[in-house]
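Hi,

Here is the structure I promised to pass on. Have a look at it first, and then read my notes underneath.

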Amino acid sequence: MMACRTACQMLHRRLASSAAASARLSSAELQSRRNALFSQEQARQRALFPRIEKIEVQMQGPGLQGTLLVMNKGVSTPHSCARHLTEWHVGSAVLALVDGEAWPLHKPLTSSCSLSLLTFKDTNPLLANQAYWRSCAALLGQVFQNAFKDEFIVELLKTPEVPVTSGAFLCDVVLDPQLDSWTPSEESLRSLTRDAQQLIHKDLPWEPLEVAPSVALDIFAHSRCKQTEVEELAAHSPSGTVNMYRCGDHVTLSGGPLVARTGLCMQYEVAAIHNLGQGAWGLHRRAQGLSLPRQLQAHHTVWRKLRKRAEKLVEVTPSSANQTTALPPVANHLEDPAPSTHQ
């Protein structure tokens, strides 16, 4: 009975959002609206902690045993904790583990906890690698959202979760029907790659925000595809909430945590765009890319081989996301630069 009531409420919210979305907005207007609503909800959540309350954060990890930080509840983040340590921790931290739960570096801490900072050089970098691959796909989606003229609407489909061993991260998109005849050239791929590298150079944070489904439906009121994704994410979330991220002024959904910032990427290239044929939302295309983080760079000859592999269409199967993820598949050929000292 409760599930039925929840489903009905979700349907009503979706219908209300769809009614609000009847007027067609340009890409810039959509982006501005989503960004404003994200900021509004972010401010509302921050206002839930009007008084400064202290929490204790017990740091875990090599050399940090016994380190206890006194931080601000609802304000301080794992990134804030890293800044109380060393520049190396600030620059190399990718993700956090809070009481055993994967936690974005910029997500506020709401209670006393134990905290580990995860890096790509950990003995078991599985969670960091998964977040990195997911983040690279999110970055590619942001590039697509801004790559075309303002009158062309780009619909980002749900990002397929695939392991690094698949050879490429994926971004499924539906372009404006006026672009159905567009065939990407090598120059098109290079242009998209340059756009991605500009975002990497800006070292933008991925700001996390956990919201109620109604908030997410409102933010994506002009996207039937994203509204469906909101419902799916909420249905599979133990808390019934939805995780969103903002990078610059781009707002997106995510089925898992993203890394701290775009500057953690180093080598990054858009390798291919495949035509998947007509789907539920129009002509579906699959963009594929390849990337390595700043701490794990490949020699250019190895990179060319990896890039060639990333061009091949990656087929998504229900079991593909459950495979072990390891960065990179040719680790013995990788260079090992000194840790970043980003502040």
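Below is what turned up, starting with the strands and ending with the cavities.

One thing to keep in mind throughout: this is a predicted model.

Let's begin with the open sheet. Four strands make it up, in the order S6-S7-S12-S11, and their pairing is antiparallel. Strand S6 (155–156) and strand S11 (265–279) sit at the edges with a single partner strand each, so one side of each has no neighbour in the sheet. For S11 that partner is S12 (residues 282–293): the two run antiparallel and are joined by 12 bridges. If you want a spot to click on there, try His-274, which stands opposite Arg-286 in S12.

Next, go to strand S9, which covers residues 242–247. Is S9 mostly covered or mostly open? Mostly covered: five of its six residues are buried, meaning under 20% relative accessible area.

S9 pairs with strand S8 (residues 207–211) through five bridges, and the two run antiparallel. S9 is also joined to strand S10 (residues 250–253), this time by four bridges, again antiparallel. Arg-246 is a handy residue for seeing both pairings. In S8, Glu-207 has Arg-246 of S9 as its bridge partner, while in S10 it is Val-251 that stands opposite Arg-246. S9 and S10 form a hairpin with two residues between the strands, and Gly-248 in that hairpin takes a positive phi near 70°.

Now for the empty space inside. Rolling a probe the size of a water molecule over the atoms shows where empty space is left. How many cavities of 30 Å³ or more are there? The count comes to two, and the largest cavity holds about 70 Å³ of space.

Which residues line the largest cavity? They are Ser-27, Leu-30, Gln-31, Arg-34, Gln-145, Asp-249, His-250 and Val-251. You'll recognise Val-251 from the strand pairing above, where it stands opposite Arg-246. Helix H2 (27–46) and S10 each supply at least two residues of this lining, and H2 gives the most, with four residues. By type, the lining divides into two nonpolar, four polar and two charged residues.

If you'd like a route through the model, I'd go from the S9 and S10 hairpin to Val-251 in S10, and from there to the lining of the largest cavity, which includes Val-251.

Cheers

How values were computed:
Residues are numbered from 1 along each chain as its sequence is written. This is a predicted model: local features need pLDDT of at least 70, side-chain atom pairs count only at pLDDT 80 or more; totals for chains, interfaces and linings use all residues. Side-chain values use heavy atoms; hydrogens and water are left out. Two strands pair if DSSP finds at least two bridges between them. Buried means under 20% relative accessible area, exposed over 50%, partly exposed in between (1.4 Å probe, protein chains only). On a 1 Å grid over the protein atoms alone, a cavity is a set of points where a 1.4 Å probe fits but cannot get out, and a pocket is an open set with protein on both sides within 12 Å along at least five of seven lines; lining residues have an atom within 4 Å of a point. Grid points are joined across faces, edges and corners, and a volume is the space filled by probe spheres set on the points. Ala, Val, Leu, Ile, Met, Phe, Trp, Tyr, Cys and Pro count as nonpolar, Asp, Glu, Lys and Arg as charged, and the others, Gly among them, as polar.
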